[in-house]
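Work through the following exercises with the sequence and the 3D view open. Try each task before reading its solution.

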Amino acid sequence: MAAFALWLSRLRSSSKTACTSFRNSFLHNIRSETTLTTANLIGSGTAKRPFLLWSSSLLPLTLALSAGSLAFHFQPQPSLCDSSNLDSRIGGKGSTEFVVEGSHRKVPQELIDELRAICQDNMTMDYEERYFHGKPQNSFHSAVHIPDVVVFPRSEEEVSNIVKSCDKHKVPIVPYGGATSIEGHTLSPHGGVCIDMSLMKSVKALHIEDMDVVVEPGIGWMELNEYLEPYGLFFPLDPGPGATIGGMCATRCSGSLAVRYGTMRDNVINLKVVLANGDVVKTASRARKSAAGYDLTRLVIGSEGTLGIITEVTLRLQKIPQHSVVAMCNFPTIKDAADVAIATMLSGIQVSRVELLDEVQVRAINIANGKNLPEVPTLMFEFIGTEAYAREQTLIVQEIVSKHNGSDFVFAEQPEAKKELWKIRKEALWACFAMEPKYEALISDVCVPLSRLAELISRSKQELDASRLVCTVIAHAGDGNFHTVILFDPSQEDDRQEAERLNKFMVNAALSMEGTCTGEHGVGTGKMKYLEKELGVEALKTMKRIKTALDPNNIMNPGKLIPPHVCF
């Protein structure tokens, strides 16, 4: 249960005392395991203010599959493919490396002085803080280097000045939000400056009649919904606890409610973004629709910090539903469960959630929570609307379930009963580690057209079940998106290779069905090697041209998203 407790201790709901105690223990272990001391740092000053990072962000549960990074030279490059020593294994097609390694150059003292003038006490070169930001624990991904400096801007102006200085000195930047991403987005393969946005978390404006809100990027979606609840409004996207709005925009995330409300790209009205030269751009007006010019908002959403740093977000809001019903039912096979999810969507019922758990995942929940649920494939639904409408939806789906070998259909309308049922799904990922407390995990997701979901899950399950590793399946079944959690012994290289093989099988199966290598986790370093197969080289060349035009010095989160073998 050690790993399980480790992740739980990082949740926002953890007490300050518990977080501080764990963090001190973690830092002590780092000091005892490394020979690098602060004497080796660039410059002699280190900030010692108390950074309350453990209580304001969630470390990644784990990072997913292996990948690498492009070789980065801190000079303007017409094409990174011009490098004669580029290793095509790292991050590109056929990548075989697990550790992300990029070139590293000593950060100039002049830049350190400029950053200190901008940020005052809100920066650090302390080794433990840099390690915390650059090498999150329990990660499938890792990097040779860590950030040289971590800064904590308090305003858009500070972000702009930081970026201008980094661009002038051609030093790389890695934006840092809630640190819940699992594809290597926050690694610092080339060192440089990590910009932690956790101090920029205010609600700048709430327009109740327009049902929108203007926020800074560091606010978490859970904190935002706590703020909005008294007004009868909520923001409908619900990724992992600890995720921040800025990071959610950067990775184009979604969550279990996407089947009804859409993904991040559908729920952002406009952004303010600091570009690589320090310019601040507002991408659109506050109007709900516009045909004015290029859609810069959608260009930035999903760009993973490679085009700019988000400093302000205007979000669409929804009314809190008048009534909801949560239902759960069991099936003899995973295909039966997936078929019901498809049939439910085709029926025209406006469900707000359709979640699928396989029998291994249910077993994990039983072990972790002392429950006695039937260890078979399980579907969970949420229906919203008026009381009469929600009940009508529930009865229609119950009939669909009965026609597809479903059983044990139960539903709840009382708040506590609904909370108890939904807790099963919300704690699913945490529960996995109860089965193998000393193991790490590769967590990956794919998405296919809804009509192919049953086939994809069935094919993937055959491969996962045949493996010696413990693998679970969790799906947002209403929109064709499913995840796997593959547990492996980090001390066994064969286990790591097997986890990578299973992930590759699942991704290639999805791509063969006109799907995507990632439905909501993003690309980072982990999924770069699949992009050419999914999108084609011309699409990647177009992305590279956009990146080069907006970031000619390649300082914005280099080594992410665009495979290094792509040239133009």
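The model used here is predicted.

**Exercise 1.** Decide whether Thr-244 is buried or exposed, and describe its surroundings.

Solution. Start with the accessible area: Thr-244 has a relative value of 4%. The cut-off for buried is under 20%, so Thr-244 is buried. Next, locate the residue in the chain: Thr-244 sits in the loop between β9 (233-234) and α7 (245-251). Finally, look at the polar atoms of its side chain: one of them is 3.4 Å from the backbone nitrogen of Gly-178.

**Exercise 2.** Describe the open sheet that contains β10, and find the helices that lie across its strands.

Solution. Begin with the strand order, which is β7-β8-β12-β10-β11, with antiparallel pairing. The edges are β7 (203-207) and β11 (280-282), each of which pairs on one side only. From one strand to the next, the twist averages 15°.

Now take one pair within the sheet. Strands β10 (residues 268-275) and β12 (residues 308-316) run antiparallel and are joined by seven bridges. Val-273 has Ile-310 of β12 opposite it.

Then add the helices. Helix α5 (residues 156-169) lies across β10, β11 and β12, at about 45° to β10. Helix α6 (residues 221-228) lies across β7, β8 (212-215) and β12, at about 45° to β7.

**Exercise 3.** Classify the accessibility of Val-281 and list what it touches.

Solution. Val-281 belongs to strand β11. Its relative accessibility is 24%. Partly exposed covers the range between the 20% and 50% limits, so Val-281 counts as partly exposed. For contacts, leave out residues up to four places away in sequence; Val-281 then touches Leu-271, Lys-272, Val-273, Leu-275 and Leu-296. For a distance across the fold, compare Val-281 with Thr-311: they are 30 residues apart in sequence and 9.9 Å apart from C-alpha to C-alpha.

**Exercise 4.** How are α3 and α5 oriented to each other?

Solution. First read the geometry: the axes of α3 (residues 109-119) and α5 come within 10 Å and cross at roughly 175°. Angles over 145 degrees count as roughly antiparallel, and therefore α3 and α5 are roughly antiparallel to each other. Then list the contacting residues. On α3 they include Leu-111, Leu-115 and Ile-118, and on α5 they include Asn-161, Ile-162 and Ser-165.

**Exercise 5.** Work out how β16 is enclosed and which strands pair with it.

Solution. Count the buried residues in β16 (residues 378-385): seven of the eight are buried, so the strand is largely enclosed by the rest of the structure. Next, find its partners. Strand β14 (residues 323-330) pairs with β16 in the antiparallel sense over eight bridges, and Met-328 stands opposite Met-380 of β16. Strand β15 (residues 353-357) also pairs with β16 in the antiparallel sense, over five bridges; here Leu-357 has Thr-378 as its bridge partner.

**Exercise 6.** Which residues of the largest nonpolar core touch the most other members?

Solution. The core has 56 residues, and those touching the most other members are Leu-356, Leu-379, Phe-381, Phe-383, Leu-456, Phe-482 and Ile-486. Helix α17 (residues 493-512) supplies the largest share of this core, seven residues. To finish, inspect Phe-381. Leaving aside neighbours within four places in sequence, its contacts include Val-325, Ala-327, Val-340, Arg-353 and Trp-422.

Notes
Residues are numbered from 1 along each chain as its sequence is written. This is a predicted model: local features need pLDDT of at least 70, side-chain atom pairs count only at pLDDT 80 or more; totals for chains, interfaces and linings use all residues. Side-chain values use heavy atoms; hydrogens and water are left out. Helices (H or I, at least four residues) and strands (E, at least two) are DSSP runs, numbered from the N terminus. Buried means under 20% relative accessible area, exposed over 50%, partly exposed in between (1.4 Å probe, protein chains only). A polar contact is a pair of N or O atoms within 3.5 Å; within protein, one must be able to donate a hydrogen and the other to accept it, and residues adjacent in sequence count only if both atoms are side-chain atoms. A nonpolar core is a set of buried Ala, Val, Leu, Ile, Met, Phe, Trp, Tyr and Cys residues joined through side-chain atoms within 4.5 Å. Contact means heavy atoms within 4.5 Å. Two strands pair if DSSP finds at least two bridges between them. Axes are lines fitted to C-alpha atoms, for helices over the stretch in contact, and angles run from 0 to 180 degrees between N-to-C directions. Angles under 35 degrees count as roughly parallel, over 145 as roughly antiparallel, 65 to 115 as roughly perpendicular and the rest as oblique.
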